[in-house]
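Me: I would like to learn how to read a model like this one, feature by feature. Where do we begin?

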Amino acid sequence: MILLNRLNGQPFALNPDLLERAESTPDTVITLVNGAKYVVAQSLDDLAALVREHRAVILGQAQDAADHGYRTGPTLVADGDATLLHLPERGI
């Protein structure tokens, strides 16, 4: 989640994976994939920097997990005559 401010200063958190587009009209207007729109106090450049930083943190955490041998996603595991799908988040 990234933290943004409405024009009145009220903070809110937004999932940047739901961003479809952002425009400067001159206020920054964010449009989500579901069509919802938000007007925020941050500039377009500041918004882009927040999204980049958020994604860099996620990628860094995934790389750290992989470097330490943690499985970060489903993997196929051979079990005799069968191939199983290992889902680490479910402990299966």
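**Reading the model**

Reply: Begin with a hairpin. Strand 1 and strand 2 form one with 5 residues between the strands, and Gly9 there takes a positive phi near 95 degrees. Strands here are DSSP runs (E, at least two residues), helices likewise (H or I, at least four), numbered from the N terminus. Two strands pair if DSSP finds at least two bridges between them.

Me: What should I know about the source before going on?

Reply: This is a predicted model: local features need pLDDT of at least 70, side-chain atom pairs count only at pLDDT 80 or more, and totals for chains, interfaces and linings use all residues. Residues are numbered from 1 along each chain as its sequence is written, and side-chain values use heavy atoms, with hydrogens and water left out.

Me: How many bridges join strand 1 to strand 2, and in which direction do they run?

Reply: There are 4 bridges, and the two strands run antiparallel. One pairing to look at is Leu4, whose bridge partner in strand 2 is Phe12.

Me: Which way do the side chains of strand 1 point?

Reply: In a regular strand the side chains alternate between the two faces of the sheet. Strand 1 shows this: Ile2 and Leu4 point to one face and are buried, while Leu3 and Asn5 point to the other and are not. Buried means under 20% relative accessible area, exposed over 50%, partly exposed in between (1.4 Å probe, protein chains only).

Me: Which residues make up the largest nonpolar core?

Reply: In soluble globular proteins, nonpolar side chains tend to be buried together. A nonpolar core is a set of buried Ala, Val, Leu, Ile, Met, Phe, Trp, Tyr and Cys residues joined through side-chain atoms within 4.5 Å. The largest one here has 9 residues: Ile2, Leu4, Phe12, Leu14, Ile30, Leu32, Val40, Leu47 and Val51. Strand 1 (2-5), strand 2 (11-14), strand 4 (28-32) and helix 1 (44-67) each give two or more residues to this core.

Me: What does Leu32 touch?

Reply: Leave out residues up to four places away in sequence, and Leu32 touches Leu14, Leu18, Leu19, Glu20 and Tyr38. Contact means heavy atoms within 4.5 Å.

Me: How many salt bridges does the structure hold?

Reply: Side chains of opposite charge can pair when their charged atoms come close. The cut-off for a salt bridge is a side-chain nitrogen of Lys or Arg within 4 Å of a carboxyl oxygen of Asp or Glu. The structure holds 3. In one of them the side chains of Asp17 and Arg55 meet at 3.6 Å, N to O. That pair links distant parts of the chain, with Asp17 in the loop between strand 2 and strand 3 (19-24) and Arg55 in helix 1, 38 residues apart. Asp17 counts as exposed because its relative accessibility is 53%. Arg55, at 38%, counts as partly exposed.

Me: Which residues are linked in a network of salt bridges?

Reply: Glu20, Arg21 and Glu23 are. Arg21 pairs with Glu20, the closest N and O atoms being 2.7 Å apart. Arg21 also pairs with Glu23, at 3.4 Å between the closest N and O atoms. Relative accessibility is 37% for Arg21, so Arg21 counts as partly exposed. Glu20 counts as partly exposed at 47%, and so does Glu23 at 32%.

Me: Where do the prolines deserve a look?

Reply: Pro11 is found in strand 2. At 58% relative accessibility, Pro11 counts as exposed. Pro26 lies in the loop between strand 3 and strand 4. The peptide bond from Thr25 to Pro26 is cis, with omega near 0 degrees.

Me: What joins strand 6 to strand 7?

Reply: Strand 6 (residues 75-79) and strand 7 (residues 82-86) run antiparallel, joined by 5 bridges. Ala78 has Thr83 as its bridge partner in strand 7. This hairpin has 2 residues between the strands, and Gly80 takes a positive phi near 70 degrees.

Me: What pattern does the whole protein follow along the sequence?

Reply: The pattern is β-β-β-β-β-α-β-β. The radius of gyration is 19 Å, well over the 12 Å that the globule rule gives for 92 residues, so the protein is more spread out than a compact globule. That radius is taken over C-alpha atoms, and the rule is 2.2 Å times the number of residues to the power 0.38. The C-alpha trace spans about 60 × 30 × 20 Å along its principal axes. Of the 92 residues, 20% count as buried.
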